[in-house]
Amino acid sequence: MNQAITYQVDSLLQVLDFSAIGFLLPLLFFILFSFYRFSERIVFWSAIAAILASYGSLFYFLKPLVNPHQYYILDWFSIAQSKFQITLLIDDTCFLVLSMIHLVTLMVIIFSGYYMKAELRFEKYFAYILFFFTAMFGLVLSNNLFLTYIFWELVGFASYALIGFWRTKDSAILANKKAFIINRIGDLGFLAAICILFNQFQTLNIHSIEVMLQTSPKDLPALYLASFAIIIAVIAKSAQFPLHVWLPDAMEGPTPVSALIHAATMVIAGVYLLLRIAFFFPPEALLFLKYIAIISMVMASLFAIVQQDIKKILAYSTISQIGFMLFAISIGNQPFALFHLLTHAFFKAALFLTAGVFIHENKTQDIRNLTGAAKQQPIAFIAFSIAAAALIGLPFTAAYFSKEAILFSAIQQHGLDVFNILLLFSVLLTSIYIARIWFYLFAKKDSSNIPQAKSVAMNLPIVVLAMASLFAAFSASPFYLQAFWFTLGTETIAPMFSIGIILLSVAGVLAVKFIPAILLMDEKNAIVYFLKNGAFIDRFYAYLFVKPIQQIAALLKWLDKHIVDGIVNGIANFAIVIANFSDWFDRNIIDGLVNLIALFAKRMGDIIRITQTGRVQTYFLLALMLMAIVVWFIY
Amino acid sequence: MNNWLSVLIFLPIAAALILLLLPKRASNVFRPVTIVISLLQTLIAAYLYTQYLKNPQGYHFVERADWINLNLGTFGRLNIDYFLAVDGLSIGLLLLSAFVMFIAAIASNEIKKDPKAYYTLFLLLSAAIMGVFCALDFFLFYVFYELMLLPMYFLIGMWGGPNREYASIKFFLYTLFGSIFMLLVMIGLYFSVIDPVTGEHTFNMLYMMDAANYTKDSYFSIFSTDALLFNYPVRFFGFIVLFIAFAIKIPTIPLHTWLPDAHVEAPTPVSIILAGVLLKIGGYGIIRICYGIFPEAAIYFSYWIGLIGVISILYGAFIALASTDLKRMIAYSSISHMGFVILGIASLTSEGVNGAIFQMISHGVLSTMLFYLVGVLYLRVQDREIAAFRGLAQPMPRYTLFVVIAFFASLGLPGLSGFIGEAFTLIGAFKSASVNALLPRGFAILASVGILIGAAYFLWTLQRMFFGAPRFKGAQEWHLKLKDLTATEYLVLIPLALITILLGIFPAILFDASNNTINAWVHETWIHGIANLKSMQSLLKF
Amino acid sequence: MDINISHFLFISAALFAIGFYAAIRRRNIILVLIGIELMVNAAVINLVAFANVNTKANAADGKLMALFAIVLSAAAIALALAIVVKVYQYFNTINPDQIEEFKN
């Protein structure tokens, strides 16, 4: 971190001059398109203009080639004794990733003009894409973990909006709910890491933490916990095992969205985060990451080779490739992890967009029905082939460098241990699954000449991205990594090794050509069936988590209504019972006593009244009797 | 002018008196008058807030006058002051209350029956709420606190849904139950505390917070050797009683069962007031009164209070997941969100308590929005069952937009206000384990599970009710009735959405006001609490 | 058998009892009056008997008293008969059981 320049900014107004308009345009258009309707042309060209303006501002404003590290710090709010700041870091990594994001977003927007033509809610689609772009932009620039978390979640929200774009489609709205909830699990990990790191360092600025760590011991327990928590966040966002289940479902969204978000940008947010903060990860965390990466790679490749849906194959391929990037980080090869991130973005976006062409033109996502597509959409097919070659890692592509370099450093460090063998196995599988698609596309089919759309919007992006997958984007020579635009790192790879890997990949391709069973991947085979359903991990989660949670919820609802509220109502009823008893008591016992006395008096009266006969003789008799008694008593 | 707080309190009372004098024929004047009055209150409160921000510490706008001064012969003198003031804790809540009342007044356009009574009670309630947040004399506080109950009883009981009598009397009795015992403790405190200036007993809360003001042999003194149950000192029971009184209001599990019934049966504007303001009084009461007067008990019981908070979060979230009625679901989600408030307070860290206050204000705005949205739907088709709707986004896209904003804000999407409150209560709860060893880390972890369940039920409701192909229980008839938002509804929802976004992006708006006060408060509570605990533990062995 | 005072007392008592029974139970006021007269006469006999036995100087008191009693009783009976005539005019009966205006 030499020559770092820090700009302490007192207010936003200091940094906002006309050059910053470019940054605000995407956000502005997002707001506009969300609330008002515009014609498709206006929306389309405004979106393109916004991205171009943003990139222009980036160049002008940040002067990336002149100052290597720039920090911008703006006071945000204070709480307790800490000050939370908006901290932005501009450096080479950031600039590279931002360039890639701009390019891919631009290409996807142009392609969407073709793919989403005549779609209802056209402007909403672009609004969400621009929102996503803004959030991703912020995520890349951010140097404060709190800020990163905010953009991390906002990117997830954009993904939710876009996966569920066709919101009357049941499968789409189930998929986006699933994606968000699983991402939330990762976000909890991120939140835990924020709590742990804040507790330890009283700040969440990555730069400040770096500085503090230079003078403190390296084995703080906080660092262990935080690193595992961050890895959980990465697992969810970057769709690694075991939280990978949302990505194949996310293919319900429009294909350009899959290209942008679920291949090139959002899913690599996890990788990017690790690139930024893996400096404090202890070796145990890196080992854990390695396990996750390798399991994801192999599992995803196995799932990919048995799928028949082209988008699902590419989705699993993404999972696998990101595992590859994470693997690179776990063995300490961060520069080439970044390199592979960039090359993967280009070739994966190219693969998705060309798949989009095939899907749109042939109205099917099943690769078995895409035979003959090579003839029908030649430009797309060529672009697909270039991108596929990049995925496999053949020479003349840019990914050749990144892939080889990572493999080489892995084997150089640890020889042919279990991890590396699985790694090579995954390389083989990679070439198999992509070759399957290619051979289907290449197969001849008797079909009438369907007039094909020849639109610039369709062809330009895939051509550009295919070009970007070639070596020329990154190096002057197709075989050796030579510094061209910038220095990413140098690796001298032994030629034998390089040839060995190429042979391995080609073997995979040939296997598909000459072993028909691999091409077909018939579902009647038990293994194929098992793998095709994602090893039933989805169903496993449903039984292990979703169902029990729903049952607990129902139980608690019953408990609340009958027991807790029952007690309250019971107390109230008890009071009413006591009140009734009091009433009964009062009326019958106390009042009864009063009545009893009155009754007694009446009875006495009745008895005495007997003597009042009204007859003289009775009175005479009584008088004499009384007198007799008196005389008796006197004597 | 130094009487702003009195103006805030008595303005609605004056307006209510005027309304009472107006004849029934003038019934279409009532609502505009109420809206104007509540708008005035909001503006005054906003002005006070900005004034407070210029020097955000201590008590501002103090008003103090002798109110009741009776010579009771052998019992001494009865001394009740009219003592009002606000600090960082209450100013934000005051502004929130004024604003929520304003929104509720606008939302009262659905009240057709007996408007005179309704708006009079409304204004009375408004005055009482303002009073609760400003009062620093315990008796005055109690008067306003009880004064809130009566209008609410009638508002729910007269204008509510089919089961309204049950709901309103349940609410009334349940809350009254808590506050009756609060009265006992209040009187006990009165006889224990001596005003250092006049030398007489006093209800002044600030004096009650200072242990030096207690007479040596009084009931609630820290040197009292009276001990009740399990040899716990009397002060602990005072705390528990006060805590129960406010816990019923918040509400916490297991004293929460009045809330779902009250919310479901109350009309929309009353639900808004109930959820937006009344629940916060519980939180405010705990911070100001329970923790302020009995800090040692707060420290001693913080584990249990935190546990109650966590249970509230999870329990509320799970039942919301199982709910079939939309309004009931939101009521339980309110319980869940207020659980965060309790957790934040229990952590006794500045981040946690600041987060709790932020969460209270954010939840005030969000629950207003949520209940209003439910009300919009109910107004159209008189049905709130989640299963009765599917694909509402098709006929009502703008409405769905606001629902999405409200739901995502409630589940804690960053960039919206709900996140800041939840994040900082979690940070505070987590920090508590290392800073003051009060709460175990597991609480923060369990609370975050609550966040996850929150995402689950909100998203599931979105998926069931709003997305998908439209299909309604009332079929064709409903298709006609389900029109998108009207102008009044926009007028209500747009400011709420803007505030949510604003608070989410610029949390300093609230933190700047509360931070200093809460820093001082945490410090004081800790110091005094520990000191009191030491004295008490040396006298009574518990 | 010597006739001593006890015989006279006996007769007097018997007469009194009969007169008493008549006064109580007779359904005819005239007979009730007769009964009363019998009781008075019994008392007179008593008086005279004791006067005869008495050897003291005031022995004539008894006989004198008896004369008074007879006269007075005659007067009383005359008055009673006058009342009976009036009662008969009013009630139309001389059965004392049917004259119950003072009942209860």
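Tutor: As a starting point, contact means heavy atoms within 4.5 Å. This is a predicted model, in which local features need pLDDT of at least 70 and side-chain atom pairs count only at pLDDT 80 or more, while totals for chains, interfaces and linings use all residues. Residues are numbered from 1 along each chain as its sequence is written, chains are lettered from A and ligands numbered from 1 in the order in which they are written, and side-chain values use heavy atoms, without hydrogens and water.

Student: How many residues do chain C and chain A each bring to their contact?

Tutor: Chain C brings 17 residues and chain A brings ten residues. Together the two chains bury about 1100 Å², counted as the accessible area (1.4 Å probe) that two parts lose on being put together, summed over both. Carbon and sulfur atoms carry 60% of that buried area.

Student: Which side chains form the salt bridge there?

Tutor: A:Arg615 and C:Asp97 do, at 3.1 Å from N to O. The term requires a side-chain nitrogen of Lys or Arg within 4 Å of a carboxyl oxygen of Asp or Glu. One salt bridge is counted between chain C and chain A.

Student: Which elements of chain C give two or more residues to the side that touches chain A?

Tutor: They are helix H1 (5–25), helix H2 (29–53) and strand S1 (102–103) of chain C. Helices (H or I, at least four residues) and strands (E, at least two) are DSSP runs, numbered from the N terminus. H1(C) supplies the largest share of that side, five residues.

Student: And where does C:Ala43 lie?

Tutor: C:Ala43 belongs to helix H2 of chain C. This residue is partly exposed, with a relative accessible area of 36%; buried means under 20%, exposed over 50%, and partly exposed in between (1.4 Å probe, protein chains only). The C-alpha atoms of C:Ala43 and C:Leu81 are 21 Å apart, although the two residues are separated by 38 residues along the chain.

Student: How far apart are chain B and chain C?

Tutor: They do not touch, and their nearest C-alpha atoms are 59 Å apart. Of the two pairs of chains that touch, chains A and B have the most contacts.

Student: Changing topic, which element gives the most to the nonpolar patch of chain B?

Tutor: H6(B) does, with four residues. One of the patch members is B:Phe177, which sits in helix H6 of chain B and is partly exposed at a relative accessible area of 47%.

How values were computed:
Patch = residues over 30% accessible without salt bridge, like charges linked within 9 Å, V, L, I, M, F, W, Y side chains within 5 Å. Areas by Shrake-Rupley, 256 points an atom, 1.4 Å probe, with all protein chains shown as cover.
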